[in-house]
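Visitor: I should like to take a close look at a single part of this protein. Please begin with one buried residue and its surroundings, and then follow the charged side chains outward from there.

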Amino acid sequence: MSPFASPRAAAAPQTLPFVLAVLGAVALSLVFQQGRLMEVWTGGGFFDTDDAMRMVQARDLIAGQGWYDLTQYRLAPPQGSILHWSRIVDIPLVALLKLFGLFFAPDQAERAARIAFPTLVLGVLFAGGGFAARAFAGAGLRLFGVAALFCCGVMFWQFPPGRIDHHSVQITLLLFAAAAMTRAFDPAEARWGALSGGCVALSLGVGLENLPFFAVLAAAPGLAFLARGAEARGLLRAFGGGLALALIAVFLLTVGPSRWLTPACDALSAPWLTPALIGAFGYGALSLAGGLPRAARAGLLVLVGAAALAPVAALWPGCLRPPYADVDPTLKSFWMDHIGENQTLKQNFVIAPGAAALMAVPTLIGLAGALFGAVAGRGVARARWLLLAALLALGFAAACACLRIFSSLAPLAALGLLAPVAAIFHALAPRGQILAGVAASAVLLAGSSFGVALALPDLEPSPDVLASPDLAWRRPDPCLDSANYAFLNDHKPGLVAGPISPGSYILAHSPMRALAAPYHRNNAGNLAALNILRAEPALAESLARKGGVDYVLLCWATPADAASLRALSPTGLAARIEQGEIPGWLREVSPKDAPVRLYRLLPPSD
């Protein structure tokens, strides 16, 4: 059988080996990350600010906060700060917390849930590798799909034990959306377009990070309609229907009635719901016009696209700006410019060339594999590989501007390896299944992140870069070590003014409130905290008391924060405290030699 034939032409493999492969991949991933697993289980620490805030949000929901109320009331009180996250990820997380709460004490239930959540999502991702392999290379190569996803390395980035942020869910939904779309290219399997549309809708409900990929997937049925006319009617109806029904359901599930008309450019709201529904219903209308000449089909397709995009440009033009356009420029230079995942590939290559190469090279190999599949394939098979190549090309361009996109790209790049793997396997299969399997596995490993990591030479930044504050995010960070915040519980709860990054840990590990935390919507709170830390001590006291602050928290173990604060104001409060000049209106109450330093405001003197 040709490696690029329709999956319907392949004999269905047994289910048991596939299930065992998925379970084995999950188990092996836990073995590789057993240190992280034990740290979560025994210490309960967080390794990322978003994981800490996700648990805070889940706790508040369990404690009775309203389903549609996404305000974090302990962040920038008294109004609080509305997060842009949805409740979708809270659903399985809270279910796990409730389940484990039947058997464990609350702390242990949280730790068990934080291990189980990413592990379960990772299992679904590995199963998605087999689902995608069936579409691209035939049902007989599903095990190679599981292996490709295992070797792409994303499990170390977004799926390790303790990782309860939303990125793992988005990555998995993107994989299934792309794979289902390629299945739906076959007119006899157009029904899979509904699954693709449903996955797109659910992912948009979780967050908008993968919006560029979904724009490509949404265009695919239209291009199929342009090229194939009536043959694409089923695909148009299935994708449009699945997208519309699921998106309406997700919108109603995650957005309260009071906010239905409130535009939010960073989350699912009217500016994104409107064009998506117009496009979906437009596809339904196009499915009735498949018999028209190609020129007429092109004109109708342009009209549908223009109708979908016009409301955004006319009513919500602000949503066409860069994602963080509303972040205060001072906050951007002090905080966001130092976040590793927001760096460009070029910036990252300067300070961490090995890491940059390990992200870029496997992506380009996967793109080359997809292009090979497009050249070698025919008809529907060629269209599948071209779609994957388009996703990888667009994704690589976007990832060059923002590193975090590489985590979504990694599984797609792994799918690109299936083209040469399938070609090698089928070429050698007549000589024996074992030989074919070994050779194909060697090709897969060589092109994967694992193989690239083994082949790359040691790439270290230049000596003058090694001390750069921008390398801080790649070093162990005591300021984001959960154990260093336990002492906060020894003090009376109050409002803490501190740097931006520790905010999530303050909320997760104590009943304290925080002015600042690493969320772009918290402009006012972040700026208020920063103004206190950079002001001259006398002005800082005035600002702190006016803002109801009870404590000032600092941590000098993070070079980026220390250097940035000194640069902002060499004589400000934070810089003075770093030099040992603690003003009289503050008293230190932190443990001796602790990296996290806490200072309590004394009552005002008469």
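Guide: Alanine 190 is a suitable starting point: its relative accessible area is 9%, and because buried means under 20%, this residue counts as buried. The model is a predicted one. Alanine 190 belongs to the loop that runs between α8 (167-184) and α9 (192-206). Leaving aside residues up to four places away in sequence, its contacts are Ala184, Gly234, Leu235 and Ala238. For one of these partners, alanine 238, the C-alpha atom lies 6.6 Å from that of alanine 190, although the two residues are 48 residues apart along the chain.

The loop between α8 and α9 also holds glutamate 189. Glutamate 189 has a relative accessibility of 3% and is likewise classed as buried, since the limit for that class is 20%. Its side chain forms a salt bridge with that of arginine 134, with an N to O distance of 4.0 Å. Arginine 134 is located in helix α5 (residues 106-137) while glutamate 189 is in the loop, so this pair ties together parts that are 55 residues apart in sequence. In contrast to its buried partner, arginine 134 is partly exposed, at 21% relative accessible area.

This salt bridge can be placed among others. Over the whole structure, a search finds 17 salt bridges. One of them joins aspartate 266 and arginine 521, whose closest N and O atoms are 2.7 Å apart. Aspartate 266 is found in the loop between α11 (233-254) and α12 (270-286), and arginine 521 in the loop between β4 (513-514) and α24 (523-534), so the pair ties together parts that are 255 residues apart in sequence. Arginine 521 is partly exposed, with a relative accessible area of 28%.

A further salt bridge brings together the side chains of glutamate 588 and arginine 597, at 2.1 Å from N to O. Here glutamate 588 is partly exposed, with a relative accessible area of 30%, whereas arginine 597 is buried, with a value of 17%. Salt bridges may also share partners: in this way Asp48, Asp51, Arg163 and Asp165 are joined into one network.

To return to the starting point, the loop between α8 and α9 contains alanine 190 and glutamate 189. Alanine 190 touches residues that include Gly234 and Leu235, and glutamate 189 meets arginine 134 in a salt bridge.

Notes:
Residues numbered from 1 in each chain as written. Predicted model: local features only at pLDDT ≥ 70, side-chain atom pairs only at ≥ 80, totals over all residues. Heavy atoms only, no water. Helix = DSSP H or I, 4+ residues; strand = E, 2+ residues; numbered from the N terminus. Buried < 20%, exposed > 50% of the residue type's maximum accessible area, 1.4 Å probe, protein only. Contact = heavy atoms within 4.5 Å.
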